[in-house]
Structures are given as C-alpha cells and as structure tokens.
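Work through the exercises below with the sequence and the model side by side. Try each task before reading its solution.

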Amino acid sequence: MEATAAAPVAQLLTDRRAPRCRAQLGATRLSCPGRFAVEAFAAQSQSSATTARHRFRATSQATSPRRIRRRQCADDHPDFQVGCSEVARDQHRIDANRFEEIRGEVSKKLRAFQQFCRPHTIYGTIIGITSVSLLPMKGLDDFTMTVLRGYLEALAAALCMNIYVVGLNQIFDIQIDKVNKPGLPLAAGEFSVKTAVFLVLIFLIMSFSIGIHSGSAPLMCSLIVSFILGSAYSIEAPLLRWKRHAFLAASCILFVRAILVQLAFFAHMQQHVLMRPLAPTKSLVFATVFMCCFSAVIALFKDIPDIDGDRDFGIQSLSVKLGPHRVYQLCISILLTAYGAATLVGASSTNLFQKIITVSGHGLLAFTLWQRGRHFEVENQARVTSFYMFIWKLFYAEYFLIPFVQ
C-alpha cells in the first residue's frame with residue numbers, strides 16, 4: 001500500500017508534463033517549496049491510506065466473528081483446528097438427528113391418521129361409488145367433464161362423511177378398542193380426544209359444504225341420512241348408541257352400504273349430473289339386493305373379532321348372543337347363497353361377453369370363499385381378523401362385476 005501511494009508522487013516529480021501537473025496541484029511553478037508541498041501531499045495520502053486500512057480491519061473484526069474464529073483456528077496449534085472441525089461435525093450431526101426426529105414424528109402422525117380413517121372402509125366407499133356412478137352411463141359420449149365433476153363431488157363428500165362416521169365411533173369406543181383394537185390411534189394414545197373431535201368436526205363440515213355446493217338433492221339426502229345413522233350408531237346418549245343392539249347395528253350398516261349408496265348415488269349421477277329422468281335398471285336392482293346380503297354379512301362378521309370387548313362392555317351383538325362359530329356359519333351361508341343367485345342372474349344375460357364375465361366371476365369368488373372358509377379357526381384371533389378383511393376384499397371385487405350385469 002505504501003509503495004502504491006509513493007509511485008504516483010515519484011512519477012509526478014519526474015514527469016516532463018510539468019504544467020499540467022502544476023495545474024492539478026494548484027501551483028504555477030514547481031519549485032523546491034512546491035516539491036516539499038508534493039511530498040507533504042504524498043505523506044498525507046499515505047497516512048490516509050493507513051488510517052483507512054486500520055478502519056477496514058477494525059470493521060472486519062467487529063462484523064465477522066466467524067472469520068476471526070477461522071483465522072484463529074488457522075493460526076493456532078493444529079489441535080485447535082481439529083477441535084473446530086469436530087464442533088462443526090457435531091453441529092451437523094445434531095441437525096441431521098433433529099431432522100430425522102421430525103420426519104419420524106410426521107410419519108407416525110400420518111400413519112395414525114390413516115388408521116383413524118379405517119382404510120378398508122375408505123376403499124369400499126371409493127370402489128362402491130365409482131361402480132354405481134358407471135351404471136347410468138349409456139356410451140362414451142356420457143363421459144364428459146361435467147360428469148367427472150359430478151362424480152368427484154359425490155366421492156369427496158362421501159369420503160368426508162365416511163371419516164366422520166368411523167372417527168366418531170372411535171371416540172366413543174376408546175375403552176372397548178383398548179381390548180378389541182389396541183392399535184387404533186385413540187386406544188394407543190397416539191391421538192388425543194381433542195384431536196379426534198377436531199378431525200371429525202372438520203370432515204363433517206367439509207362433507208356438508210361439498211354437498212351444498214353441488215346443489216344435488218340425492219347427494220344431500222345421502223349425507224344427511226348417513227350423518228343421522230352414523231351418529232345414532234355410536235353416540236352414548238338416551239335412545240342412541242344403537243350398536244348395543246344387534247338388529248339396530250346391522251340395520252344401520254345395511255341401510256347405508258346397501259341401499260343408500262346404490263340408490264342415492266345412482267340418482268345423483270342420473271338425475272342431477274346427466275339430467276335424465278330417474279329410471280331403475282337391472283344392474284341397479286341387482287346391486288341393491290346383492291349388497292343387502294353382503295352388508296348384512298359385514299355387519300355380523302365384524303363383531304366376531306370384537307366379542308371379548310363387546311361382552312365386557314355390554315354390547316349385545318349377535319356373536320355375544322349366539323357365539324362366534326354359529327355367526328360365522330350364518331355369514332358363509334348367506335354369501336354362498338348370494339353368489340349362487342348372482343350366477344343365475346348372470347346366466348340370464350343376452351350378451352355373451354357379459355354372461356361369461358358375471359357367471360365365471362361369481363363362481364370364482366364363491367369357490368375362493370369356500371376354499372378359504374375351510375381353514376377358518378374361531379379361536380385364532382389373527383385368522384378371524386384376516387378372514388374379516390378377506391370378506392371386505394370380496395366386497396370390493398363384487399363392485400367390479402356389477403356393471404356387467406345388464
């Protein structure tokens with residue numbers, strides 16, 4: 001810096017272009033006093049540069065403590081350099097561990113929310129409404145954006161109502177679920193009651209909001225009835241808590257799953273979305289009758305794995321009254337009879353392709369049920385639960401066959 005400041009002065013003293021230099025320095029003659037003035041000016045410039053350098057260093061030290069630490073680490077003993085590296089690695093490790101903890105906590109809450117929604121009922125709602133929504137379609141021309149929007153409105157409203165119903169049941173069944181289903185989030189303590197109440201209220205409001213926005217009378221009717229029956233099934237209050245009584249409990253499930261889903265959502269698509277007069281079809285009648293049998297089986301069979309908790313808390317299910325083995329035999333008989341009737345209905349179809357699909361499909365499902373039922377053990381809780389989920393899979397499969405019944 002000092003050499004840099006002195007260089008222009010030396011050049012100024014030896015430069016032949018004296019007049020212009022004198023003009024810049026404000027002097028008319030570069031005499032000895034003038035040279036002294038130039039030297040004074042150079043010294044002053046050097047002093048100013050030194051002062052600026054010191055100020056810059058002071059500012060850097062005040063505003064860059066991290067730079068100071070790095071310089072100290074570089075200048076000090078090598079052991080201190082190793083220590084600084086270890087501190088940085090420890091901080092990085094702490095940050096990584098904290099991130100893993102947050103991610104694990106979020107994943108845990110998402111899994112708990114999934115169990116709170118009862119996924120097998122969600123799948124049943126999606127597949128059922130999709131299948132029923134296809135029944136009014138007469139050709140590819142019916143698949144428009146308006147139809148898609150009407151279908152999505154109905155599906156979203158139904159899913160929100162489904163979460164409300166199953167969530168409400170868990171709120172009032174915490175003590176029972178600690179015996180029957182200890183893995184559910186409320187019974188396991190993963191969700192608080194306040195969180196569960198908040199969730200069911202939000203989904204209830206969302207369901208009615210979507211229904212009102214759609215302007216569909218059949219859809220709103222299905223939501224209101226589902227709300228009433230779902231609340232009456234679970235809420236502990238006078239004249240409610242219908243799940244305590246076998247007939248009322250089965251009636252709630254049968255009416256919603258078999259009658260309401262088929263008729264209300266068919267009417268929503270046919271009357272509100274497609275703007276056609278409501279006219280029942282063969283496939284709609286078949287779906288309603290068949291699903292009455294299937295929903296009755298689900299309502300009865302679901303109490304078999306829950307028999308211990310139901311007995312302890314005074315829930316008079318059919319499994320408690322008759323015993324799980326007799327209820328199991330009754331359910332298998334109902335399903336095999338329904339499959340036999342469905343095979344006859346499919347055989348009466350005039351379309352060869354539809355006849356092959358419905359007859360072979362129902363025959364295969366009936367054989368699978370019979371084969372799986374041979375290895376059923378009432379005393380084995382794990383197998384009972386597995387067989388109950390297998391019945392739900394048969395329930396899903398039936399909705400894939402219903403559109404072929406014409």
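Helices (H or I, at least four residues) and strands (E, at least two) are DSSP runs, numbered from the N terminus. The model is predicted: local features need pLDDT of at least 70, side-chain atom pairs count only at pLDDT 80 or more, and totals for chains, interfaces and linings use all residues. Residues are numbered from 1 along each chain as its sequence is written, and side-chain values use heavy atoms, with hydrogens and water left out.

**Exercise 1. The chain as a whole**

Task: State how many helices and strands the chain has, and what percentage of its residues count as buried.

Solution. Start with the secondary structure. The chain has 18 helices and zero strands. Next, take burial. Buried means under 20% relative accessible area, exposed over 50%, partly exposed in between (1.4 Å probe, protein chains only). By that rule, 40% of the 406 residues count as buried. Then turn to the surface. Accessible areas come from the Shrake-Rupley method with a 1.4 Å probe; for residues, only the protein chains shown count as cover. The chain exposes about 22,900 Å², and carbon and sulfur atoms supply 64% of it. Finish with contacts, meaning heavy atoms within 4.5 Å. Among those between residues at least 6 apart in sequence, 71% join residues at least 24 apart.

**Exercise 2. Two loop residues**

Task: Locate M275 and R118. Which is buried and which is exposed?

Solution. Place M275 first. M275 sits in the loop between α12 (246-273) and α13 (282-301). Its phi is positive, about 60°, although M275 is not a glycine. M275 has a relative accessible area of 66%, so it is exposed. Now place R118. R118 belongs to the loop between α5 (78-116) and α6. Phi of R118 is also positive, near 55°, again in a residue other than glycine. At 18% relative accessibility, R118 counts as buried. For background, most residues other than glycine have a negative phi.

**Exercise 3. One helix, two sides**

Task: Check the length of α10. Where do its buried residues lie around the axis?

Solution. The expected span of a helix is 1.5 Å times one less than its number of residues. Helix α10 covers residues 193-214, 22 in number, so it should span 32 Å; its end C-alpha atoms are 32 Å apart, which agrees. Now list the buried residues of α10: A196, L199, V200, F203, L204, S207, G211 and S214. They cover an arc of only 130° around the axis, so they lie on the same side of α10. That arc is the one of the directions from the helix axis to the C-beta atoms. On the other side of α10, K194, F198, I205, I212 and H213 are exposed. After α10 comes G215, with a positive phi near 75°.

**Exercise 4. Neighbours of three buried residues**

Task: Give the helix of L223, of H362 and of S131. Which residues does each touch, not counting residues up to four places away in sequence?

Solution. L223 lies in helix α11 (residues 217-234). L223 has a relative accessible area of 2%, so it is buried. Not counting residues up to four places away in sequence, L223 touches A157, A158, M161, S207, F208 and G211. The C-alpha atoms of L223 and V256, 33 residues apart along the chain, are separated by 10.0 Å.

H362 lies in helix α17 (residues 352-373). Its relative accessible area is 0%, so H362 is buried. With the same sequence exclusion, H362 touches F286, Y339, A342, T343, E398 and L401.

S131 lies in helix α6 (residues 119-134). Its relative accessible area is 5%, so S131 is buried. Under that exclusion, S131 touches Y399, I402 and P403.

**Exercise 5. Cores and cysteines**

Task: Which residues touch the most other members of the largest nonpolar core? How many disulfides does the structure hold?

Solution. A nonpolar core is a set of buried Ala, Val, Leu, Ile, Met, Phe, Trp, Tyr and Cys residues joined through side-chain atoms within 4.5 Å. The largest has 76 residues, and F294, F301 and F387 touch the most other members. Helix α7 (residues 145-172) gives this core its largest share, 13 residues. A second, separate core of seven residues includes L229, C252, I253 and A299.

For the cysteines, a disulfide is a pair of sulfur atoms within 2.5 Å. The structure holds zero disulfides. C292 is in no disulfide; the nearest cysteine sulfur, that of C293, is 6.8 Å away.
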